[in-house]
Amino acid sequence: MASELGTHEIVDTPWRQHIRVDQAGRLRIEDLDAEALADQFGTPLYVISEAQIRDNVSRFRAALARGYPDSHVFFATKANRNLAVRRVFSLAGAGGDAFGPTELYLTLLAGTPPDMVVLNGFNKGEEEIRAAIEAGVAIHLDASAELDDVVRIARQLRVRARVGVRTRLLLHSLDDLQGDWPAGTLVGPSVRTEGKEGVPIEEIVPLAAAALAAPEVELVGLHHHIGRFVASVRLFTSIVAEQLDVAAEIRDQLGWTPGYLDFGGGMAYGRPEGHGPFGNDRGRPTYEEYADAITTSLVAGLDRLDLGRPRLIVEPGRLLASDIGVLLSRVGVSKMFRDTGQTWVGVDASWNHLLNVATAGWSYHPVPATHHPDRPVVRTNLADSQCWSGTLATDVALPRLARGDVLGFLDAGAYTESKALQFNGIPRPATVLVHGSRADVISERETLQDVIARHRLPPHLVAPR
Ligand SMILES: Cc1ncc(COP(=O)(O)O)c(C=O)c1O
């Protein structure tokens, strides 16, 4: 997609201050220069700002607490499961949403208190259920049959399991809302047809009844997550209202009220030059707007239905982690196709490292790490060196790039390292955490040996000497 503000112009916003272009036109991560980091640690290189993580968490926590004191921000560990990143989130006061045994392990290893962690996922395995029960982490049931597994394992462990119910809301109130991801969809019908998640609405009360009747479990809360169909707070006013109706129904039938209500993630992140699906996310709700929408509808609904003041949890991934990272990449060869007038510039980052570009039409804004005022601005395509199409930016306005230049793909902190692939056998990049003027490697760069480490040749295929 075409970038309107090509070159260097990063429009600074109050929520993005630690990764930015300085007055001299140099890309900086906190106190460090991007090009110097690329020279020192090599490229491609994920660089994370510790200060940005801390600021994001505290800003969202403060915004929520203004409208609802007992509110908690849980970081969706899937968005960036690097252990050091997870540790900074935990130190900043964020709990965790974990999928699968590895995310659960990393979230706890990072020091997140178990009562600040939830285990989500459909068709959960024995290992993760066992680990969650042992740690005291709440397990969100995503199918009625999961209760049987939890009860069985809790009985074996002789530990009472904490469980919540992930609800499948029908969300007819969103039937007229136009989504932009997937493109051209109406949110309500898409929610109902496109996801496997959540316990069917007619099974929720019977499942809650079964959980309340089982001495091996304690029913502690309700959960709902809506994906990012559109960058609008309306998603949240709808799920809050509908989830409260479900809570009231359970209370009326069974006399139970939730200890917490977890409204998941799905909050959009954007930048003025375009980001995310098809570059659509330019303006997007601020932390404060998301917090106001959630807490205002929550307080109104709790009062209307007389449901007390359960703990409020949100589980953002993308909103909290996008602007914490930049992917640095070095420019290689360029070529020009005279028939189309296109310039193609090769870079060493790839779809492997920004997978959402390939799978979801995602856009990341590229900026040169160094400003060259003497160079003309030209329309440029940036391409990786792999054998798939691998176009990382199409028709963007950039100062003419030269071999050896360093580029930064901004807002690459979420769903990048955690989704990175080794297609074409390319070793995955290193990651560096910047803290003021300090830079530490927090993921080692892979080697060729790492890429092939799990391969085995059966004896009959070993070449005769
Ligand atoms: C249950 C749950 N919570 C939170 C998230 C985080 O979503 P996002 O990164 O869009 O905020 C996801 C994403 O898949 C999820 O499935």
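**A walk from strand to ligand**

In β2, Arg28 is the bridge partner of Arg20. That pair is a handy place to start in this predicted model. Three bridges join β1 to β2, which covers residues 27-29, and the two strands run antiparallel. Step back a little and you'll see an open sheet of three strands, ordered β1-β2-β3, with antiparallel pairing. Its edges are β1 (19-21) and β3 (32-33), each of which pairs on one side only. If you need a reminder of what holds such things together, strands of a sheet pair through backbone hydrogen bonds, either parallel or antiparallel.

Keep going along the chain and look at the loop between α1 (34-41) and β4 (45-49), where you'll find Pro44. The peptide bond that joins Thr43 and Pro44 is cis, with omega at about -10 degrees. That's worth a pause, because most peptide bonds are trans.

Now for the ligand. Where does the ligand sit? The space it takes is the largest pocket. There are 16 residues around the ligand, and Gly266, Glu315, Gly317, Arg318 and Tyr415 come nearest. By character, the shell splits into five nonpolar, six polar and five charged residues.

Some of those neighbours make polar contacts you can pick out by eye. Glu315 places a polar side-chain atom 2.6 Å from a nitrogen atom of the ligand. Tyr415 also uses its side chain: an N or O atom there is 2.5 Å from an oxygen atom of the ligand. With Gly317 it's the backbone, where an N or O atom lies 2.9 Å from a ligand oxygen atom. How much of the ligand's accessible area does the protein cover? Of the 400 Å² that the ligand has on its own, the protein covers 86%.

Two more backbone spots are worth a look further on. Asp395 lies in strand β21, residues 391-399. Its phi is near 55 degrees, a positive value in a residue other than glycine. Why does that catch the eye? Because most residues other than glycine have a negative phi.

The other spot is in a hairpin. Strand β23 (residues 430-435) is joined by five bridges to strand β24 (residues 438-443), and they run antiparallel. One of the pairings matches Val434 with Ala439 in β24. Two residues lie between the strands of this hairpin, and Gly436 takes a positive phi there, near 65 degrees.

How values were computed
Residues numbered from 1 in each chain as written. Predicted model: local features only at pLDDT ≥ 70, side-chain atom pairs only at ≥ 80, totals over all residues. Heavy atoms only, no water. Near = heavy atom within 4 Å. Polar contact = N/O pair within 3.5 Å; in protein donor to acceptor, adjacent residues only side chain to side chain. Areas by Shrake-Rupley, 256 points an atom, 1.4 Å probe, with all protein chains shown as cover. 1 Å grid on protein atoms, 1.4 Å probe; cavity = no way out; pocket = protein on both sides within 12 Å on 5 of 7 lines; lining within 4 Å. Sits in = over half its atoms within 2 Å of the grid points. Nonpolar A, V, L, I, M, F, W, Y, C, P; charged D, E, K, R; others polar. Pairing = 2+ DSSP bridges. Helix = DSSP H or I, 4+ residues; strand = E, 2+ residues; numbered from the N terminus.
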